[in-house]
Amino acid sequence: MINANLDQTMEFMASDAGLRRQQKSGSPLVGALIRERRRAMNMTLKELGKLANLSVGFLSQVERDQATPSLGALSMISKGLDVEMEFFVSSPAVHRGRTRQGERESFSVDDSSLRYERLGADFAGKALSSFIIAVPAGYKSEQVSHEGEEIIYILEGEVVTYVENEKVILGVGDSLHFRSTRTHSWENVRDGVCRILWTGTVPIFRNGASAK
């Protein structure tokens, strides 16, 4: 990993504090934070793209606030920048592994229309992350590939998924289980909101839990 020198680190911390003061409703300015962190590490977009397994074009759009990364993509960006996801965005914690319908708080990245409800709790050695995702009409995710596996189950609406060269249309009650190492993306081509139950082995949030 590329290391920043002390002066660069101090400069980044100062700019980071300024950026965080500009937050609205507790939502970090994700693109600006990514750009400042990357520059503080003397890292190019190409180098970050290689570490995060994302295209330079997509990362450039994210940094300029022209695209909002999914939690999966943001997790890979965080790993490439050697920080936890909480550096860029926080989500409501799940205590004791129990959630109740109507009581879960939703959150988004940069106040985007893509909303998440967190289901998975934090404990030492956990392998799974799980969310209910509300996908607005017209939304299309970036293409990603990474270690692990994922399952998506459609609760409401319809979503079109692409796993490498295979296109699959999923409606209510349908599911898809695949290895995350295969390039994948999905989109909502219908007029209404689609709600997806997503479960995967991508380590999204840790909140200080550590394996023993």
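In this predicted model, strand β4 (residues 149-156) runs antiparallel to strand β9 (residues 194-200), and the two are joined over six bridges. Within this pairing, I152 of β4 lies opposite W198 in β9. Both strands belong to an open sheet of six strands, whose order is β1-β2-β3-β9-β4-β7 and whose pairing is antiparallel. The edges of this sheet are formed by β1 (106-107) and β7 (175-179); each has a single partner strand, so one side of each is left without a neighbour in the sheet.

A further open sheet has three strands in the order β6-β5-β8, again with antiparallel pairing. Here β6 (166-170) and β8 (184-187) stand at the edges, and because each has a single partner strand, one side of each lacks a neighbour in the sheet. From one strand to the next, the twist averages 20 degrees. Strand β5 (residues 159-163) is paired with β6 in the antiparallel sense over five bridges, and V163 is placed opposite E166 in β6.

The two strand pairings described above are set out below.

| Strand pair | Sense | Bridges | Opposite residues |
|---|---|---|---|
| β4 (residues 149-156) and β9 (residues 194-200) | antiparallel | six bridges | I152 and W198 |
| β5 (residues 159-163) and β6 | antiparallel | five bridges | V163 and E166 |

Aromatic contacts also occur in the model: a search of the whole structure finds six aromatic pairs. One of the pairs consists of Y116 and F131, whose ring centres are 6.0 Å apart and whose planes stand at 75 degrees; with planes over 60 degrees apart counting as edge-to-face, the pair is therefore edge-to-face. This pair links distant parts of the chain, as Y116 lies in strand β2 (residues 115-118) and F131 in strand β3 (residues 129-135), 15 residues apart.

Helix packing is represented by α3 (residues 45-52) and α5 (residues 71-80), which pack at an angle of about 115 degrees with their axes 8 Å apart. The crossing of α3 and α5 is right-handed. On the α3 side the contact involves L48, L51 and A52, which meet M76, I77 and G80 in α5. Five of the residues in this contact are nonpolar, one is polar and none is charged.

As to confidence, the chain has an average pLDDT of 81, and 83% of the residues score at least 70. Over residues 1-28, however, the pLDDT stays under 50, and the model has 38 contacts beyond four places in sequence for this stretch. The pLDDT is also below 50 over residues 207-212, a stretch with 11 contacts in the model beyond near neighbours in sequence. Where pLDDT is low, the predicted coordinates should not be read in detail.

Terms used
Residues numbered from 1 in each chain as written. Predicted model: local features only at pLDDT ≥ 70, side-chain atom pairs only at ≥ 80, totals over all residues. Heavy atoms only, no water. pLDDT = per-residue confidence, 0-100. Contact = heavy atoms within 4.5 Å. Pairing = 2+ DSSP bridges. Helix = DSSP H or I, 4+ residues; strand = E, 2+ residues; numbered from the N terminus. Axes fitted to C-alpha atoms, helices over the stretch in contact; angles between N-to-C directions. Left-handed = near helix turned anticlockwise from the far one by under 90°. Nonpolar A, V, L, I, M, F, W, Y, C, P; charged D, E, K, R; others polar. Phe/Tyr/Trp six-rings, centres within 6.5 Å; stacked < 30°, edge-to-face > 60°.
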